[in-house]
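The following exchange examines how certain descriptive terms are justified for one model. Please consider the structure below before reading on.

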Amino acid sequence: MRRATLFVAFAVFALVVQTTLVPLLTGARFTIELVVMYVVYLGMRQHTAWAVVAAFLLGYLVDTISGTLYGLNAFAMTVVYMAVYWTSRHLWMDNVVSQVFVVALAEALKQIVVGAVLALAWGMENGSRLLEIGVWTTVATALVSPAIFAVLERADEFAAQEED
């Protein structure tokens with residue numbers, strides 16, 4: 001029960017901060033994808049069906065408030081989760097450097113999936129501007145990820161205390 005409560009609390013916190021506070025601080029030039037970091041964390045640490053559903057629901061929540069094509073972020077987050085899950089089963093990723101690298105690759109994958117679908121749906125107008133925003137978003141997300149991973153690991157330890 002505590003783990004589900006923490007999931008909902010972090011999802012709401014991530015969405016609120018990602019959509020309100022970060023654009024104010026960055027002047028809307030880029031964002032920090034807290035939701036992608038959580039999906040990467042789930043892909044690295046939680047190898048259950050619940051985690052796949054959580055990744056899909058996180059993307060679905062982003063779709064609800066983002067105003068893009070409905071289902072686009074749900075699809076992209078599920079792709080990101082599956083890529084991180086597959087990678088974490090084959091590579092050792094317990095140190096900070098590898099976690100930052102995986103977050104950067106996951107964010108780049110999400111940007112590629114979203115950009116490809118939007119290019120198919122709406123055309124290639126503003127492609128260079130979207131590429132610039134995507135690069136800065138990837139860099140910022142990767143650099144912030146160690147702090148967010150530390151919070152998520154602490155929350156997992158807190159939830160595990162209840163199960164013991």
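Q: Are Tyr 41 and Phe 149 buried or exposed?

A: Both Tyr 41 and Phe 149 are buried, a term that requires under 20% relative accessible area, whereas exposed requires over 50% and partly exposed lies in between (1.4 Å probe, protein chains only). The model is a predicted one, in which local features need pLDDT of at least 70 and side-chain atom pairs count only at pLDDT 80 or more, while totals for chains, interfaces and linings use all residues. Residues are numbered from 1 along each chain as its sequence is written, and side-chain values use heavy atoms, with hydrogens and water left out.

Q: Why is the pair of Tyr 41 and Phe 149 called edge-to-face?

A: Rings of Phe, Tyr and Trp (its six-membered ring) pair if their centres lie within 6.5 Å; planes under 30 degrees apart are stacked, those over 60 are edge-to-face and the rest are tilted. The centres of Tyr 41 and Phe 149 are 5.6 Å apart and their planes stand at 90 degrees, so both the pairing and the edge-to-face criteria are met. The whole structure holds 8 aromatic pairs.

Q: Why does the pair of Tyr 41 and Phe 149 tie together parts that are 108 residues apart in sequence?

A: Tyr 41 belongs to helix 2 and Phe 149 to helix 6, so the pair links parts separated by 108 residues in sequence. Helices here are DSSP runs (H or I, at least four residues), numbered from the N terminus.

Q: Which residues form one aromatic cluster?

A: The cluster consists of Phe 7, Phe 10, Phe 13, Tyr 38 and Trp 50. Among them, Phe 7 and Phe 10 in helix 1 also take part in the meeting with helix 2, where Tyr 38 is one of the partners.

Q: What describes the packing of helix 1 and helix 2?

A: Helix 1 (residues 2–26) and helix 2 (residues 34–45) pack at about 150 degrees, with axes 8 Å apart. Axes are lines fitted to C-alpha atoms, for helices over the stretch in contact, and angles run from 0 to 180 degrees between N-to-C directions. The residues of this contact comprise 8 nonpolar, 1 polar and no charged. In that classification Ala, Val, Leu, Ile, Met, Phe, Trp, Tyr, Cys and Pro count as nonpolar, Asp, Glu, Lys and Arg as charged, and the others, Gly among them, as polar.

Q: Why is Thr 137 called buried?

A: Its relative accessible area is 1%, so Thr 137 satisfies the criterion for buried. Thr 137 lies in helix 6 (residues 127–163). Leaving aside neighbours within four places in sequence, Thr 137 is in contact (heavy atoms within 4.5 Å) with Phe 30, Thr 31, Glu 33, Glu 107 and Gln 111.

Q: Why is Trp 136 called partly exposed?

A: Trp 136, also in helix 6, has a relative accessible area of 48%, so Trp 136 falls in the partly exposed class.

Q: Why does Ala 28 count as exposed?

A: The relative accessibility of Ala 28 is 53%, so Ala 28 counts as exposed. Ala 28 is found in the loop between helix 1 and helix 2. Its phi is near 60 degrees, a positive value in a residue other than glycine.

Q: What makes the link between the side chains of His 47 and Ser 88 a polar contact?

A: A polar contact is a pair of N or O atoms within 3.5 Å; within protein, one must be able to donate a hydrogen and the other to accept it, and residues adjacent in sequence count only if both atoms are side-chain atoms. The side chains of His 47 and Ser 88 are joined at 3.1 Å, so the distance criterion is met. The side chain of His 47 also reaches the backbone oxygen of Gly 43 at 3.0 Å. His 47 is located in the loop between helix 2 and helix 3, and its relative accessible area of 37% makes it partly exposed.

Q: How do you know that the charged end of Arg 2 sits over the ring of Phe 158?

A: The criterion is that NZ of Lys or CZ of Arg is within 6 Å of the ring centre and within 35 degrees of the ring normal. The charged end of Arg 2 sits over the ring of Phe 158, 4.2 Å from its centre, so the distance part of the criterion is satisfied.

Conventions:
Helices (H or I, at least four residues) and strands (E, at least two) are DSSP runs, numbered from the N terminus.
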